[in-house]
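Trainee: I should like to go through the terms used for this model and see how each one is justified. May we take them in turn?

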Amino acid sequence: RTCLRALKDPHWNEILLKVGAYILGEFGTLVSEEPGSHPEAQFEALHALWPMVSDRTRSILLTTYAKFSFLYGADRNLVSRIQ
């Protein structure tokens, strides 16, 4: 929950995004049933920052998206929204 709040803050930074992506990729399932922390919200919080980050950060995000796809199943279609 803290990661999601921090990522939605207008004063985020790239290091926070990297750490947040790792934490959500590894432990996002622990909060995925809570209001506002569902898998789609986690994906949207991360992917909203995609256009503003470096290629290194994008590689971390792609790893997190792959974990989301595995953890939450193909029925969520999260990764198919990557542009």
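Mentor: Let us begin with ring pairs: rings of Phe, Tyr and Trp (its six-membered ring) pair if their centres lie within 6.5 Å, and planes under 30 degrees apart count as stacked, over 60 as edge-to-face and the rest as tilted. By this rule the count comes to 3 aromatic pairs. Two cautions apply: this is a predicted model, in which local features need pLDDT of at least 70 and side-chain atom pairs count only at pLDDT 80 or more, while totals for chains, interfaces and linings use all residues. Residues are numbered from 1 along each chain as its sequence is written, and side-chain values use heavy atoms, with hydrogens and water left out.

Trainee: What makes the aromatic pair of Phe43 and Tyr65 tilted?

Mentor: The rings of Phe43 and Tyr65 lie 4.9 Å centre to centre, with 55° between the planes. The limit for a pair is 6.5 Å, and planes that are neither under 30 degrees nor over 60 degrees apart are called tilted. The pair links distant parts of the chain, with Phe43 in helix α3 (residues 39-47) and Tyr65 in helix α4, 22 residues apart. Ring pairs also join Phe43, Trp50 and Tyr65 into a cluster.

Trainee: How are the helices themselves assigned, and how many helices and strands does the protein chain have?

Mentor: Helices (H or I, at least four residues) and strands (E, at least two) are DSSP runs, numbered from the N terminus. The protein chain has 4 helices and 0 strands, and its elements run α-α-α-α from the N terminus on.

Trainee: Why is α2 called roughly parallel to α4?

Mentor: The axes of helix α2 (residues 14-27) and helix α4 (residues 55-72) come within 9 Å and cross at roughly 20°. Such axes are lines fitted to C-alpha atoms, for helices over the stretch in contact, and angles run from 0 to 180 degrees between N-to-C directions. Angles under 35 degrees count as roughly parallel, over 145 as roughly antiparallel, 65 to 115 as roughly perpendicular and the rest as oblique. The crossing angle therefore makes α2 roughly parallel to α4.

Trainee: Which residues make that contact, and how do they divide?

Mentor: Contact means heavy atoms within 4.5 Å. On the α2 side the residues are Glu14, Leu17, Lys18, Ala21, Tyr22, Leu24, Gly25 and Glu26, and on the α4 side Thr57, Ile60, Leu61, Thr64, Lys67, Phe68 and Leu71. They divide into 8 nonpolar, 3 polar and 4 charged; here Ala, Val, Leu, Ile, Met, Phe, Trp, Tyr, Cys and Pro count as nonpolar, Asp, Glu, Lys and Arg as charged, and the others, Gly among them, as polar.

Trainee: What is the relation of α3 to α4, parallel or antiparallel?

Mentor: The axes of α3 and α4 come within 11 Å and cross at roughly 170°. Because of that angle, α3 is roughly antiparallel to α4. In this contact Pro39, Gln42, Phe43, Leu46 and His47 of α3 meet Leu61, Thr64, Tyr65, Phe68 and Tyr72 of α4. The division is 7 nonpolar, 3 polar and no charged.

Trainee: Why is Leu61 called buried, and why is Ile60 called partly exposed?

Mentor: Buried means under 20% relative accessible area, exposed over 50%, and partly exposed in between (1.4 Å probe, protein chains only). Leu61 has 0% relative accessibility and therefore counts as buried, whereas Ile60 is partly exposed because its relative accessible area is 30%. Leaving aside neighbours within four places in sequence, Leu61 is in contact with Leu17, Ala21, Leu46, Trp50 and Val53, and Ile60 with Lys18 and Ala21.

Trainee: How do you know that Thr64 and Ser37 are buried or exposed?

Mentor: Thr64, at 3% relative accessibility, counts as buried. Ser37, in the loop between α2 and α3, also counts as buried, at 3% relative accessibility. Not counting residues up to four places away in sequence, Thr64 touches Ala21, Tyr22, Gly25 and Leu46. With the corresponding neighbours set aside, Ser37 is in contact with Arg1, Leu4, Val31, Ser32 and Gln42.

Trainee: What makes α3 mostly covered?

Mentor: In α3, 7 of its 9 residues are buried, namely Pro39, Ala41, Gln42, Phe43, Ala45, Leu46 and His47. These buried residues pack against α1 (2-8), α2 and α4. Of the 83 residues of the protein chain, 35% count as buried.
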